[in-house]
Amino acid sequence: MPRRERNKFVKRNQILELKIEDYAFGGKGIARIKSEEGSFVVFVPNTLPGQLVKAQIKKSSKKYAEAKLIDVLEDSENEVDVPFQDIPGAPYIKLPIDLQHQYKKESTLSLFKRIGKVENIEDVFDEFITSPNVFHYRNKMEYGFSAIGYDRVNKTDVDEFTLGFKRRGVWWMGDNLDKDSGLFDKEFEDNLINIRKYCQDTGLAPWHGPKREGFFRYFVVRKSYKTNELLFNLVTTSPELDKFDLHEFAAFLKGIFGDRIAGLLHTINDEVGDRTIATSGSINLVYGKDKIVEELLGLNFEISMKSFFQTNPKSAEKLYTKVIDYALENKAAIDNTVVMDLFCGTGTIGQILASKSENAKIVGVDIVASAIEDAKKNAKRNNIEGLEFYAADVGKFLNEHPQYQNKIRTLILDPARAGIAPKTLKKIINLNADRMVYVSCNPATQARDTEMLREAGYELKKISLVDQFPHTSHIETVVLFEKV
């Protein structure tokens, strides 16, 4: 067996200081190592041109390497001071929002040209839709407890009770959130330090990742922008639960947040895996109610702790408005027809479309049974008729319902980050719809699917970008395809 040629520039797990020179799609900064033998590219996620960073090589090939960001040693000259505590979930919060938009637009459109083979992508570009709230836009946050913290002065780990976020790339180390991060509710995050002190004063231990033991695990919060209410979920292990008074904790939270507290839930998670809600655990209501209500485009949606719901609801309204605008450009292909909403989640798009059309029948399909249950409940709550929801794998559903072939004029597609499996996409193409509105939270997989759709006779007519997550590399796309 031939020996694998050793990389001349880097080796696995090597730690380097790198100057970021350029930006690639997905928030990957580009650094170049230069030597007498040439230039070698290293991609470092969550970095910006102009930054000097410390990074660790994770994998490499002859042409390039991929590294994990450890720390930013020097900021980019484009970054500005902000009054927020830095967290891993907002790597670009110090970059002016206009520059964030520029990076996202240029790198996303280049994907469709390179992977989707859409040479005229600039000509079919419609608009870049900005988030109404640049800061404090999230409606859900998960804060983790840890017995191993981070000393920001000496930049080392330290044994201490922490409540905040994991350090970037270090699964076992927490970092206390002492003030507003700029992403979630300011009043809540400014009070997280008091919640941490309350829990610490009980004498019960936070979760110790390497030892896989401890009592406190997560504190999860959902917020309604409609009512301004907060719904809390404390996640703990079951041993020593008799030493913690959940009702007293609820009273403590009510003392801070007053009528803003919708309810407190308690989840038991004794699994060693790093997840908030265990597959075998229980979730019980301690105080108040177990749901909050959010409004999107005049419709009300009931949200539980487990429900999937758009994380930035104000931006989601703009996203859904664009989807509906594209769908209704040809209203004759909607009214009095059957519209399929595939990978429909909680059925938000289908409900909005049904409310704005005449006698349209919307068939929503999603593999997540709990999401479909929420979709049915929300449709009933909003008194919207003409909706049918099915909990099923999209590919299998289309196999079992051949009656829809050649009967669908408009398709709505909103798959998960992995995009659409090729076999499933072929079945979708075989429906022979006139048009598709394809929503994606991962333009890379959407660009891949675009090539297959174009080969099947679908032309990309319009594309819009929606900034759902300011200060991150994420971008959503809405694409209109039409059969030619």
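## Helix packing and loop residues in a predicted model

Asn191 has a relative accessibility of 17% and therefore counts as buried, a class that requires under 20% relative accessible area, with exposed meaning over 50% and partly exposed lying in between (1.4 Å probe, protein chains only). The model is predicted, so local features need pLDDT of at least 70 and side-chain atom pairs count only at pLDDT 80 or more, whereas totals for chains, interfaces and linings use all residues. Residues are numbered from 1 along each chain as its sequence is written, and side-chain values use heavy atoms, with hydrogens and water left out.

Asn191 is placed in the loop between α3 (186-190) and α4 (192-201). Helices (H or I, at least four residues) and strands (E, at least two) are DSSP runs numbered from the N terminus. When residues up to four places away in sequence are not counted, Asn191 touches Ile256 and Phe257; contact here means heavy atoms within 4.5 Å.

A second asparagine, Asn312, occupies the loop between β15 (299-304) and α6. Its relative accessible area is 0%, so Asn312 is buried. Outside its neighbours within four places in sequence, Asn312 is in contact with Ser131, Tyr137, Gln468 and Pro470. Asn312 and Asn133 are separated by 179 residues in sequence, and their C-alpha atoms are 8.7 Å apart in space.

The loop holding Asn312 leads to α6. Helix α6 (residues 313-328) packs with helix α7 (residues 348-355) at an angle of about 50°, their axes 10 Å apart. Axes are lines fitted to C-alpha atoms, for helices over the stretch in contact, and angles run from 0 to 180 degrees between N-to-C directions. The two helices α6 and α7 are therefore oblique to each other, given that angles under 35 degrees count as roughly parallel, over 145 as roughly antiparallel, 65 to 115 as roughly perpendicular and the rest as oblique. On the α6 side the contact is made by Tyr320, Val323, Ile324, Ala327 and Leu328, and on the α7 side by Thr348, Ile349, Ile352 and Leu353. Seven of the eight residues of α7 are buried, so this helix is largely enclosed by the rest of the structure. Those buried residues are Thr348, Ile349, Gly350, Gln351, Ile352, Leu353 and Ala354.

The axes of α1 and α11 come within 8 Å and cross at roughly 25°, and these helices are therefore roughly parallel to each other. Thr108, Leu111 and Phe112 of α1 meet Pro443, Ala444, Gln446, Ala447 and Thr450 of α11. The buried residues of α11, among them Asp449 and Leu453, pack against α1 (97-114), α10 (422-430), β20 (435-440), β21 (458-466) and β22 (476-483). Gly457, which follows α11, has a positive phi near 100°.

Most residues other than glycine have a negative phi. Lys155 is not a glycine, yet its phi is positive, at about 55°. Lys155 lies in the loop between β7 (140-151) and β8 (156-166) and, at 48% relative accessibility, counts as partly exposed. His471 likewise has a positive phi, near 75°, in a residue other than glycine. The place of His471 is in the loop between β21 and β22, and at 2% relative accessibility His471 counts as buried.
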